[in-house]
Amino acid sequence: MGAKIIINKAGFHLFYLAAVIFLSGCHAYMLDDAQHDLRSSFISGNYQESSKLLQEFEHKEIYKSKDAVLKNLEAGLIHHFAGNFDSSSVFFDNAETLIDDAYTKSISRGFKAMLVNDNTLVYDGEPYEDIYLNAFKSLNYVHQNNWEGALVETRRMAFKMEQLDIRLKGLAEAFAREDTTGKVDWHSGKTNIQNSAFSHYLAAILYAKTGKPDDSRIEFEKLAIALREQEKINKRSPAKITDLEKIRNPHSYNVLITAFSGQAPIKKQEDFRLWLNGENDNSFYVKFSLPKIDLYKSRVQNIRIVTDSLQKSDLELIEEMDVVSAEVYKAKIPIIYTRSLLRATIKATGSSYLASSVRDKNKGIGLLVDVLGILGQESSEKADLRGWQTMPGKAWMNVINLPTGINEIEIQYLSASGSILYSEKRTIEITEQTKLGLIESIYSY
Amino acid sequence: MKYAILSTLLFGLLISGCRPTNKVNRINPSETTDLSGRWNDTDARMVSEEMISDALTKPWLNQHNRQHQQSPVVIVGNVRNESMEHIDTEVITKEMERAFVNSGSVNVVASSDERQDIRQERLEQQEFASLETMKEMAQELGADFMLIGNISSVVDETPDRRTLAVFYTVNLELVNVETNQKVWIGNKKIKKLIERRNYRG
């Protein structure tokens with residue numbers, strides 16, 4: 001009778017746990033779909049529609065409070081390209097604060113969070129997301145002629161880049177401290193980048209334009225270092241520093257043109273299923289899901305601008321944000337993999353132990369517990385595929401000098417063969433007082 | 001049944017405990033409120049107070065009064081924010097302007113941003129105001145000194161980002177508009193150690 005009660009209780013708890021795990025897993029898949037829809041909407045260029053879609057997802061609680069970082073990142077960029085720079089900065093501010101809070105929190109939970117599926121945790125933002133939100137915030141300030149504000153953001157970006165290695169090591173150390181098994185080697189990978197060419201390029205221009213040639217020179221030197229670093233990881237040749245000398249002479253240009261192509265890297269899930277032999281001829285099932293990051297292959301190979309006086313010039317590829325993101329993510333992979341493997345093993349051995357204890361009392365129910373254990377692992381093991389969907393892939397920049405009056409600029413996105421994939425026209429009014437106008441464009445394919 | 005009642009009570013307590021409530025208290029503006037650790041009103045006040053007392057007691061003021069037999073005229077220029085935070089430097093410069101004007105020993109003229117509107121108003125008065133009330137053109141008070149400066153910061157943090165040290169340094173300078181001579185340099189340093197608590201769960 002006693003055994004029957006134990007089995008019933010165990011069965012009930014297992015069923016309850018499986019239901020909860022199944023439902024939480026279900027939500028993660030809904031969020032994956034929502035992320036996909038949002039990315040598709042954004043790349044079509046209809047920012048009002050994207051904004052509505054994001055609100056709808058929030059209303060339906062697909063983006064929950066634990067996903068607030070994501071929601072703010074997406075809203076920040078949608079508003080940026082919709083021209084609502086104030087709103088954009090507010091969303092990015094929120095995202096930055098939430099990332100800060102969540103990082104401090106996640107590092108403190110360390111090993112205790114091991115049993116929970118990563119999707120159920122508060123999303124604390126990828127380090128590259130934390131860096132690139134400042135890039136768009138700085139552009140918001142340039143649009144608003146607040147150069148001091150823009151420089152604050154470039155400084156924050158540079159600081160975060162420099163701290164990247166230390167931060168990832170800190171995360172690994174926190175897990176190692178909390179891990180009492182002592183069987184796992186917690187470490188982070190190494191990043192080959194510590195500088196953002198984007199931040200230094202923008203800062204060099206802003207310092208030059210605000211009459212600080214020395215600071216501009218220092219930023220220009222850092223830009224050269226950043227480009228050298230990126231050359232090691234880039235898929236394409238980045239800009240040559242000698243071609244960028246112009247930015248140090250503030251009188252030689254009055255307009256900065258920034259264009260973005262491609263898309264953020266795509267996180268995908270890879271599943272691994274194993275039958276392992278345990279003690280007493282018991283074999284147990286282990287499933288673990290790992291996230292991997294794939295780069296989006298943009299068709300854009302070059303970006304050209306044509307002024308209304310038919311003056312043509314190419315934009316320089318300043319930063320392959322997608323490649324940098326993948327590189328930064330690579331350094332976090334050892335931590336993610338160790339966590340996933342350890343979690344999957346704990347779950348598998350736990351359910352195997354429970355099943356074998358029940359099997360001793362009743363073979364049939366033991367088999368049922370075994371099956372439930374497998375189902376539980378199948379539904380609960382899910383890689384965390386959350387990420388900033390609207391982030392562009394590559395940043396192209398150049399400066400030009402335009403005459404006073406209304407100027408029309410055509411931005412042409414070119415394929416490898418030189419054919420125009422997409423083009424758009426922008427107008428800008430240049431007055432005697434214009435020190436630095438900003439034209440921004442995006443083509444996400 | 002007993003469990004059901006207990007669960008309901010516990011659930012009720014949790015719900016009532018989770019209900020968001022806003023509580024607002026008016027407090028003394030001079031009270032220190034360090035919430036996030038970022039630059040705040042207390043820092044701005046500390047800087048302004050020290051800078052004002054320093055600027056008004058240093059020899060440049062008496063020297064100018066002796067040489068010219070009149071109070072100096074000061075214009076507020078640009079105080080650059082070179083830190084890693086968005087700091088409204090006007091909070092400091094406005095405090096300094098107020099202290100200068102109220103001291104009666106320093107005259108302050110409108111800054112370049114402020115005077116655009118005033119000049120436009122004066123221009124329009126030439127056309128629309130009565131002769132008795134119309135203000136004359138070219139009667140502006142030329143500044144003797146310009147107040148300029150910068151705020152910069154150095155940030156250092158532990159790998160877990162729980163402890164953060166921020167060092168701010170604020171430099172303000174009074175520069176003679178005619179000779180470029182710097183007659184006063186004020187400096188205020190603030191160092192903060194921020195311990196971030198795990199306050200959200």
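This is a short tour of a predicted model, stop by stop, with what to select and what is there.

**Stop 1: chain A as a whole**

Start by selecting chain A and colouring it by pLDDT. The mean pLDDT of chain A is 86, and 89% of its residues reach 70 or more. Now pick residues 1-7 of chain A, where pLDDT stays under 50. For that stretch the model has 5 contacts beyond four places in sequence.

Switch to a cartoon view next. Chain A comes to 10 helices and 10 strands, and 44% of its 445 residues count as buried. Among its contacts between residues at least 6 apart in sequence, 75% join residues at least 24 apart.

**Stop 2: helix H2 of chain A**

Select residues 47-59 of chain A, which form helix H2. Its 13 residues, at 1.5 Å a residue, should span 18 Å, and the end C-alpha atoms are 18 Å apart, in agreement with that. Show side chains for A:Ser50, A:Leu54 and A:Phe57, which are buried. Turn the view to look down the helix axis: the buried residues of H2(A) fall within an arc of 60°, so they line one face of the helix. On the face turned away from the buried side, look for the exposed residues A:Gln48 and A:His59. Following H2(A) you meet A:Glu61, with a positive phi near 60°.

**Stop 3: helix H7 of chain A**

Move on to residues 197-209 of chain A, helix H7. Here too there are 13 residues with an expected span of 18 Å at 1.5 Å a residue, and the end C-alpha atoms lie 18 Å apart, which agrees. How many of the residues of H7(A) are buried? The count is 12 of 13, leaving the helix mostly covered. Among the buried ones are A:Phe198, A:His200, A:Leu202, A:Leu206 and A:Tyr207. Just after H7(A), click on A:Gly211 to find a positive phi of about 75°.

**Stop 4: the nonpolar cores**

Keep H7(A) in view and add the largest nonpolar core, which has 97 residues. Which of its residues touch the most other members? They are A:Tyr201, A:Ala204, A:Ile205 and A:Ile318. Helix H6 (residues 147-178) of chain A gives the core its largest share, 12 residues. Centre on A:Ile205 and, leaving aside neighbours within four places in sequence, you will find it in contact with A:Ile247, A:Leu256 and A:Val399. Then select B:Trp39, B:Val47, B:Val74 and B:Ile92, which are included in a second, separate core of 24 residues.

**Stop 5: along helix H6**

Go back to chain A and pick A:Met157, in helix H6. A:Met157 is buried, because 26 other C-beta atoms lie within 10 Å. Beyond four places in sequence, A:Met157 is in contact with A:Ile131, A:Asn134, A:Ala135, A:Ser196 and A:Ser199. Draw a C-alpha to C-alpha distance to A:Ser199: the two residues are 42 apart in sequence and 6.5 Å apart in space.

**Stop 6: where chains A and B meet**

Show both chains. At their interface, 15 residues of chain B are in contact with 18 residues of chain A. The chain B side has 3 nonpolar, 5 polar and 7 charged residues.

Select B:Asn81, found in strand S1 (residues 73-82) of chain B. Is B:Asn81 buried or exposed? It is buried, with 20 other C-beta atoms within 10 Å. Not counting residues up to four places away in sequence, B:Asn81 touches A:Glu148 and A:Val152 as well as B:Ile87, B:Thr89 and B:Ile151. For a longer look along chain B, add B:Asn187, 106 residues away along the chain, with 15 Å between the two C-alpha atoms.

**Stop 7: two loops with positive phi**

Finish with two loop residues of chain A. A:Asn145 sits in the loop between helix H5 (127-143) and H6, and its phi is near 60°, a positive value in a residue other than glycine. A:Asn145 counts as partly exposed because it has 13 C-beta neighbours inside 10 Å.

The other is A:Leu310, in the loop between strand S4 (302-307) and strand S5 (312-314). A:Leu310 is not a glycine, yet has a positive phi of about 65°. With 7 other C-beta atoms within 10 Å, A:Leu310 is exposed.

Technical notes:
Residues numbered from 1 in each chain as written. Chains lettered and ligands numbered in written order. Predicted model: local features only at pLDDT ≥ 70, side-chain atom pairs only at ≥ 80, totals over all residues. pLDDT = per-residue confidence, 0-100. Contact = placed C-beta atoms within 7 Å. Nonpolar A, V, L, I, M, F, W, Y, C, P; charged D, E, K, R; others polar. Helix = DSSP H or I, 4+ residues; strand = E, 2+ residues; numbered from the N terminus. Expected span 1.5 Å × (residues − 1). Arc of directions from axis to C-beta. Core = buried A, V, L, I, M, F, W, Y, C linked by C-beta atoms within 7 Å.
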